[in-house]
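Grab a coffee and your favourite viewer. Here are a few short exercises, each with a solution worked out in steps.

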Amino acid sequence: MVGKRELGFSSTVFRKKFGAGVTVRSYRDKEVIFSQGDAADALFYVHSGAVKLTVVSTRKKAIIAFLQRGSFFGEGCLGGQPLRIYTARSVGHSNITRLAKGNAVRAFKRDPKFATLFVEYLLSRIIRIEEDLVDQFFNFSERRLARVLLLLGHVIDESKLDSPLRVSQGTLAEMVGTTRARVSKFMKAFKKRGFVNYNGSLQINSEMITAYLLRRPMSVITKG
């Protein structure tokens, strides 16, 4: 749910590479950057803060990712996606660059090195999505929750949010794919172990959760 590889670019670098198609804007906490169903006409980049991606259907709402600073999103427009398939919303205060689709395509053609970096970033995102799917289908909900918390820990540590990250147990249940009651049970156990603390905001001990996940391998068997 969070890309492994982040790219560090300033707004000045983007203006040099992408020209007039670059706009930079600050967003308030929970402010919508774009909505599901909007025209897919630009690529976005997180300079600071974090972004939450959600999808709504007639039956339910799902959180599909939290993106930290250094992440791109909205890249579907480059592959011919006509409309947004998810809503992007700021988590805390964020600073976001919008890169017009046409300018982005021309910049990638002009600068193969930059295009290669972008492709590497997208591949890391694909790997993360594949791991999320494996977790969702084959692993126990307790392990899935630990992995979601680890990823949220990366957002907290890397994005330097100007306000504490507050994530409800209902939100965690949506992300894990289980019930709120089971999340509550696991969170109490994790708190006793020192994995998390949540006095008004969520604090995550990433080192302890990483060690726990290493001791509890994935259910999928890989052959050498």
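**Exercise 1.** Among contacts in the chain between residues at least 6 apart in sequence, what percentage join residues at least 24 apart?

*Solution.* Keep in mind that this is a predicted model. Start with the contacts between residues at least 6 apart in sequence, then keep those that join residues at least 24 apart: that gives 76%. For the backdrop, the chain has 7 helices and 8 strands, and buried residues make up 46% of its 224 residues.

**Exercise 2.** Find the strands that pair with β6 in the antiparallel sense, and look at how covered β6 is.

*Solution.* Step one: locate β6 at residues 87–100, where 11 of the 14 residues are buried. Step two: go through its partners.

- β1 pairs with β6 over 6 antiparallel bridges, and Val22 has Leu99 as its bridge partner there.
- β2 also runs antiparallel to β6, joined by 2 bridges; here Val32 sits opposite Arg89.
- β3 (residues 42–56) is antiparallel to β6 too, with 11 bridges, and Tyr45 faces Thr97 across the pairing.

**Exercise 3.** Where does Lys30 lie, and is Lys30 buried or exposed?

*Solution.* First, place the residue: Lys30 is in the loop between β1 (22–27) and β2 (32–34). Next, check the backbone: phi of Lys30 is near 70°, a positive value in a residue other than glycine. Most residues other than glycine have a negative phi. Last, the surface: Lys30 counts as exposed because its relative accessible area is 59%, and the cut-off for exposed is over 50%.

Notes. Residues numbered from 1 in each chain as written. Predicted model: local features only at pLDDT ≥ 70, side-chain atom pairs only at ≥ 80, totals over all residues. Heavy atoms only, no water. Helix = DSSP H or I, 4+ residues; strand = E, 2+ residues; numbered from the N terminus. Buried < 20%, exposed > 50% of the residue type's maximum accessible area, 1.4 Å probe, protein only. Contact = heavy atoms within 4.5 Å. Pairing = 2+ DSSP bridges.
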